[in-house]
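Here are a few exercises to work through with the structure open beside you. Try each task before you read its solution.

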Amino acid sequence: MPAIDILKARQTQVYEKGRDHFTIECNKKSLSGAVSQRACVFCGSRVVLYPVADAVHLVHGPIGCAAYTWDIRGSLSSGPELHRLSFSTDLNEHDIIHGAEQKLERSIRELAAKYKPNAAFVYATCIVGIIGDDVDAVCRKMTKELDIPVIPVHSEGFKGTKRDGYKAACEALFKLVGTAEPEAIEPLSINIMGEFNLAGEAWMIRKYYEKMGINVVSVFTGDGRVNDIKKSHRASLNVVQCSGSMLGLAKMMKEKYGTPFIRVSFFGIEDTSNALYEVAKFFKNDKVYEKTQALVKREVGGIYPKLLEYRKELQGKKAAVYVGGAFKAFSLIQALRVIGIEVVLAGSQTGTPEDYDTLKRLCNEGTIIVDDSNPVELSRFSLEKQADLFIGGVKERPMAMKLGIGFVDHNHERKIALAGYEGMINFAREVHATVTSPVWSFYRKKAWYE
Amino acid sequence: MSKAVTQNSCSYCTPLGASLAFKGIENTITMLHGSQGCATYMRRFLISHFREPIDIASSSFTEETAIFGGGQNLHLGLDNLSSQYEPELIAVASTCLSETIGDDLNMHISEYKKKKAGQPIPEIIAVSTPSYKGSHIEGFYIAVTELVKHFSEGKSSPTGPVNLFPGMVSCEDLRYLKSVLHAFNVPYIMVPDYSETLEGGNWKNHHPIPPGGTPVRALARTGIARGSIEFGQVIDKKQSAATYLAEKRGVPAAMIPIPIGIHCSDIFFKTLEEISGTSLPTEFRQTRGRLVDAYGDAHKYVFGKRAIIYGEDDFVLSIASFLLEIGMQLAVCGGSGRGVGFKDKLVDLVQANDGEMPIIYEGSDFKEVELAAMQKGGDIFVGNSKGYKISRSFDIPLVRIGFPIHDRVGGQRIHHLGYKGTLYLLDLITNEIIRTKQSLSSVAYSYI
């Protein structure tokens with residue numbers, strides 16, 4: 001264990017490759033009093049369902065949960081934008097004492113009348129069960145009355161971790177799956193899961209598959225539509241990105257509809273190419289395979305020379321990576337390697353034991369690996385390992401920059417596409433602009449009067 | 001029947017305001033007693049405005065905690081915070097969850113103190129901030145009031161310091177207020193002061209708690225102050241630190257408007273003269289003169305322009321007063337809270353200025369602001385950056401001031417207060433109106 005004061009109860013969640021030899025503990029509830037970078041069950045559900053753009057997302061609870069998640073993700077829609085609005089039952093003291101089922105009903109009715117959504121997701125927050133509201137019953141009643149699916153999402157914040165929120169979201173989506181039939185069943189068809197169309201990434205990825213001759217039935221949930229989700233059980237394969245968020249749904253669909261799934265990542269050249277080849281291999285179709293080869297060759301060839309230029313300037317720099325899902329960390333480590341950067345700190349909020357085994361394998365000796373970390377650990381390790389760059393989300397940004405460590409946003413709020421081949425170039429450009437900016441020299445050098 | 005659903009809320013929950021206020025106390029760390037998500041969401045929300053590291057801990061409730069109570073979690077959290085942050089003060093704010101299950105924070109804390117008897121532990125303070133009661137601004141006031149309740153000692157003395165309770169203003173405003181008090185040459189205690197903790201310089205080493213803030217030991221002396229100044233005309237008396245000190249410690253209280261515009265700033269400086277015994281220093285006379293002169297320079301551009309304003313109640317009141325002073329009209333006023341007498345005060349203000357009666361909302365959301373704006377029309381939005389989408393959809397410019405500013409840099413540095421802050425706001429608003437006029441004109445005028 002490195003010599004900084006890690007909270008005792010967290011010592012098995014912090015690991016240094018080459019020095020430590022234990023299994024990293026994970027999927028634990030966050031420790032009280034630690035400033036975890038994680039959110040809660042509600043957050044897990046909200047981020048997964050958020051991009052479904054033709055449904056209303058009604059948060060049943062006091063105002064905070066809805067207010068803090070208003071327009072929080074960079075998920076784009078090619079049509080309706082209901083997901084970018086924030087709806088809350090805004091519970092007050094009276095509601096807490098007397099219950100708020102009536103208010104919930106009225107809220108759903110008002111929203112349905114005003115926005116004519118194709119479905120409604122009703123998120124139960126912390127206190128809903130405690131005040132005795134039967135959200136399931138209200139949703140059943142409103143489904144009948146409004147003739148649209150009104151789906152409860154059991155996302156009480158304290159009932160587990162963010163992963164449990166993913167699960168609740170998957171269960172909610174699964175209620176829609178199989179409730180409509182497509183006009184024709186395409187044999188060469190897939191669903192893309194765990195892709196949220198940040199900065200239009202789902203559109204880029206969809207285009208790749210379409211160029212390969214594959215039909216994309218539904219993207220879960222980027223640029224998502226209720227009707228596509230309903231018909232998604234007729235796809236031949238589920239292509240699942242992102243560690244935890246949608247694997248649950250893929251498993252449920254496999255069990256009920258026999259749809260097989262593969263796990264992929266669309267970050268970095270290697271992983272993006274693998275994600276395309278894996279699908280091509282699955283369909284065992286020569287034409288598809290040839291098209292895939294041509295596509296990969298063209299795309300990689302298009303960006304590789306530029307990447308090498310970046311690499312020349314970035315070679316030898318060090319990065320810290322702390323992200324929500326561990327799968328993203330794997331891809332980032334590889335993508336950074338392509339541009340000459342070594343990862344010295346890697347971690348995730350929601351990794352599983354298997355994820356951490358993979359991380360250990362991917363990382364170099366001396367790399368620190370953390371689960372559910374906090375600002376104290378992250379900043380101290382970044383300094384100790386002399387990171388030039390931190391990749392994470394909004395909460396890590398000021399922490400890193402305060403110390404003169406450049407920052408690249410790789411969270412769900414970003415506005416720059418980082419997926420696929422185009423994304424790799426954007427990523428390299430971002431990293432380059434961050435690491436080579438002259439501003440950091442003022443952080444490191446002493447002021448003239450010091 | 002009134003609407004049931006809130007759409008695009010203008011207000012945030014009570015613990016957010018409390019967390020912000022506690023950031024202004026030196027060497028203090030805040031813990032929210034509830035689910036992990038509350039702390040993380042509020043950190044993210046505040047960080048997006050201040051662009052500074054903001055640590056807020058959580059007692060991380062589990063299902064067992066929700067059933068058996070949060071005592072054990074709270075104790076563990078206090079232990080962990082003490083060892084990782086070595087704070088002087090731990091401020092614990094409740095949440096909707098802990099309040100709904102009836103968790104008694106003060107009982108848990110006194111048990112903790114008993115358990116730790118004889119050992120050095122930080123000061124601990126608890127505030128009740130259930131998110132279903134009030135909004136972020138109330139949480140802010142509650143936190144400040146609890147601080148003086150907990151720490152103030154003694155009785156008012158004519159030689160004591162001046163207390164200043166500025167409410168939720170920007171880091172730049174706080175720095176400005178300190179320089180004003182300095183210029184009046186009067187000892188003061190400003191609660192809270194997050195001007196350094198939320199807008200500090202670069203660091204060589206990691207600081208678990210950023211330097212700066214009102215010293216905890218200074219809070220005791222709020223009780224012996226010669227007087228208190230609190231910005232706020234519609235604060236609930238129970239949430240007013242100045243009122244508490246007046247009642248319990250005999251400290252005379254001046255509850256005055258947030259000093260924006262000439263009228264409201266005059267009240268502030270007059271109050272300062274009285275309380276300090278120092279007559280208005282020359283620099284402020286000069287700035288006031290420049291401001292009057294600038295009103296003259298700007299009046300043609302802004303006259304009759306109609307504004308849609310929104311934000312915390314007291315902020316809206318002062319902005320409204322300022323805009324009326326320069327000859328603008330109010331089309332819509334959306335107050336995010338339910339301040340005592342907010343609507344009446346606004347109506348009085350408009351009538352006193354013979355102005356157009358705006359649509360006034362209490363506890364409003366952005367849907368209401370949007371509908372009202374559609375009905376009344378307007379030339380300019382004045383408020384925080386959450387109004388951007390409406391301003392864009394109507395193609396009416398937005399001048400971003402207040403909190404939160406999430407889509408521009410520098411929100412923490414906007415100077416709103418005093419003659420000097422008003423000068424800055426005047427330039428901002430006037431130039432935005434000029435910019436709009438230029439961009440709508442077919443001629444590229446280079447003199448306006």
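**Exercise 1. Strands across the chains**

Take strand 3 (residues 87–88) of chain A and strand 1 of chain B, and work out in which sense they pair and over how many bridges.

Solution. Keep in mind that this is a predicted model.
- Step 1: follow the two strands along their chains; strand 3 of chain A and strand 1 of chain B pair in the antiparallel sense.
- Step 2: count the bridges between these strands, and you get two.
- Step 3: pick one residue and look for its partner. Start at A:Ser88, and the bridge leads to B:Thr6 in strand 1 of chain B.

**Exercise 2. The rest of the contact between chains**

Find which element of chain B gives the most to the side that touches chain A.

Solution.
- Step 1: get the overall count, taking contact as C-beta atoms within 7 Å. On that basis, 59 residues of chain A meet 55 residues of chain B.
- Step 2: list the elements of chain B that each supply at least two residues to this side: strand 1 (6–7), helix 2 (36–50), strand 3, helix 3 (63–68), helix 4 and helix 5 (96–100).
- Step 3: pick the top contributor, which is helix 2 of chain B with ten residues.
- Step 4: sort this side of chain B by residue type, and it comes out as 23 nonpolar, 23 polar and nine charged.

**Exercise 3. The sheet of chain B**

Work out the strand order of the open four-stranded sheet in chain B, and explain why strand 3 and strand 5 are each left with one side without a neighbour.

Solution.
- Step 1: read across the sheet, and the order is 3-2-4-5, with parallel pairing.
- Step 2: look at the edges. Strand 3 (56–58) and strand 5 (123–127) of chain B each have a single partner strand, so one side of each lacks a neighbour in the sheet.
- Step 3: check the twist, which averages 25 degrees from one strand to the next.
- Step 4: zoom in on one pair. Strand 4 (residues 89–94) and strand 5 of chain B run parallel and are joined by five bridges; B:Leu89 has B:Glu123 as its bridge partner in strand 5.
- Step 5: add the helix. Helix 4 (residues 71–85) of chain B packs on the sheet and touches strands 2, 3, 4 and 5, with its direction at about 155 degrees to that of strand 2 (28–33).

**Exercise 4. Two domains of chain A**

Find which helix gives the most to the side of domain 2 of chain A that touches domain 3 of chain A.

Solution.
- Step 1: mark the domains of chain A, including domain 2 (41–175) and domain 3 (189–298).
- Step 2: count contacts, which link 21 residues of domain 2 with 20 residues of domain 3 of chain A.
- Step 3: helix 1 (41–49) and helix 6 (162–176) of chain A each supply at least two residues of domain 2's side, and helix 6 gives the most, with six.

How values were computed
Residues are numbered from 1 along each chain as its sequence is written. Chains are lettered from A and ligands numbered from 1 in the order in which they are written. This is a predicted model: local features need pLDDT of at least 70, side-chain atom pairs count only at pLDDT 80 or more; totals for chains, interfaces and linings use all residues. Domain bounds come from an automatic or database domain assignment. Two residues are in contact if their C-beta atoms, placed from the backbone, lie within 7 Å. Two strands pair if DSSP finds at least two bridges between them. Axes are lines fitted to C-alpha atoms, for helices over the stretch in contact, and angles run from 0 to 180 degrees between N-to-C directions. Ala, Val, Leu, Ile, Met, Phe, Trp, Tyr, Cys and Pro count as nonpolar, Asp, Glu, Lys and Arg as charged, and the others, Gly among them, as polar.
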